[in-house]
Amino acid sequence: MNSQPTNKTNNFLADYVLFLADSSLIMGHRLSEWTGHGPSIEQDIAITNIALDLIGQARNFYQYAAEVISENKGEKITEDDLAYLRDAHEYKNLLITELPNGDWACTISKIFFFSAWQYFYYQRLLYCTDKQLSAIAEKSLKEVTYHLKWSGDWITRLGDGTEESKRRMEKAVEDIWPYTGEMFKPVDYETELENSVGVNVSSIRNEWLEKISSVFGEATLSVPRETWMQQGGKNGVHTEHLGYILAEMQFLQRAYPGLEW
Amino acid sequence: MNNQQEPLWEVFIRSKQGLDHKHVGSLHAADAKMAIENARDVYTRRMEGVSIWVVESKYIHASNPDEAGSLFDPANDKVYRHPTFYDLPDELKYM
């Protein structure tokens, strides 16, 4: 950063980076639930690869957040403290990331919508003035480009597939769609930092929708109509699912604090 | 997902320093595009390669091992076919 940031800016920055970290972590964790249960060995490996990519992104963001928060508080906070010792109401992940995996169509839908958002988001984050965020975005963009391609190909094959695959795909899209609006409605830390480090999220929506529509067109699926959108994740108001995810994910560190490999 | 309905593909990967694609294994996929993506996921996790070829297994034709004798033994004792009688100048590095 060029000038010494004020504490207020740093608080917004911390929240902002945590939002990115939490979204990647929770999505990665959910996808890891497929490990060993994939429909075939190739897909099992594909989806666990994606989960690993996301957790890697999360780590990059958490390490940066830890730096920022340590500076704010004047005490040393680590990436592990942030991932394992915060409660659900402190987590800022998008709601879509905490939804259950459901069937293959449901999981693919989540990955597709989320990756498309990440794709256009990271493209803009590349140019932000914060060098750390820009570097993380550059690395993550390559991974996300593949996630988007892979999930888009699955959407096409399931949508334009058998009667059953189409039915499941349509149901999945209908169920997940109300959780996509949150991606484009900014909260205070996003608006505050828009000019310096951030991204104008509402400006991403058109590109995102274009991508969705193009793939859906090929998949012979229709884009759902405007509907009421779920929100709150970015401010720590979550569905009932996050509690269970964190209980499983954090149990070991909370039961045996400081435990290491 | 019913693997019996998805065809089998042979996968060939060329490494970063390599000049040729080497056979690394096989996998199931519904079509060519999926086969390449699956090959990328399964066979390039540890930077094994930078180029992927996939061929449906049914298009690979192999020589019959029972015919190995008549196919390959005759080449064994024809030393005149090997270019080993030339003195190469030192300047030629890549022969």
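Does L193(A) count as buried or exposed, and how many C-beta neighbours does L193(A) have inside 10 Å? In this predicted model, L193(A) has 21 C-beta neighbours inside 10 Å, and because a residue needs 20 or more of them to be called buried, L193(A) counts as buried. The residue belongs to a loop of chain A, the one that runs between α7 (188-192) and α8 (201-218).

To see what surrounds L193(A), set aside the residues within four places of it in sequence; the contacts that remain are with F12(A), L13(A), Y16(A) and G198(A). One of these partners, L13(A), stands 180 residues away from L193(A) in sequence, and yet the two C-alpha atoms are 7.4 Å apart in space.

From this loop we can turn to the nonpolar interior. In soluble globular proteins, nonpolar side chains tend to be buried together. Here the largest nonpolar core holds 76 residues, and V17(A), A21(A), F61(A) and A65(A) are those with the most contacts inside it. Among the elements of chain A that give two or more residues to this core are α1 (7-32), α2 (41-73), α5 (131-159) and α9 (240-255), while the largest share, 14 residues, comes from α4(A). F61(A) offers a closer view, for, when residues up to four places away in sequence are not counted, F61(A) touches V17(A), L20(A), A21(A), S24(A) and I136(A). There is also a second, separate core of ten residues, which includes W9(B), A29(B), M34(B) and A35(B).

The helix α4(A) also leads to a helix pair that can be followed by eye. The axes of α4(A) and α6(A) come within 8 Å and cross at roughly 50°, which means that α4(A) is oblique to α6(A). Their crossing is right-handed. On the side of α4(A), the contact is made by A105(A), C106(A), S109(A), K110(A) and F113(A), and these meet R168(A), M169(A), A172(A), V173(A), D175(A) and I176(A) of α6(A). Taken by character, the residues of this contact divide into seven nonpolar, one polar and three charged.

Finally, consider where the two chains meet: nine residues of chain A are in contact with 13 residues of chain B. On the chain A side, α2 and α5 each supply at least two of the residues that touch chain B, and α2(A) gives the most, with four residues. This side of chain A is made up of four nonpolar, two polar and three charged residues.

How values were computed:
Residues numbered from 1 in each chain as written. Chains lettered and ligands numbered in written order. Predicted model: local features only at pLDDT ≥ 70, side-chain atom pairs only at ≥ 80, totals over all residues. Buried ≥ 20, exposed ≤ 12 C-beta atoms within 10 Å, placed from the backbone. Contact = placed C-beta atoms within 7 Å. Core = buried A, V, L, I, M, F, W, Y, C linked by C-beta atoms within 7 Å. Axes fitted to C-alpha atoms, helices over the stretch in contact; angles between N-to-C directions. Parallel < 35°, antiparallel > 145°, perpendicular 65-115°, else oblique. Left-handed = near helix turned anticlockwise from the far one by under 90°. Nonpolar A, V, L, I, M, F, W, Y, C, P; charged D, E, K, R; others polar.
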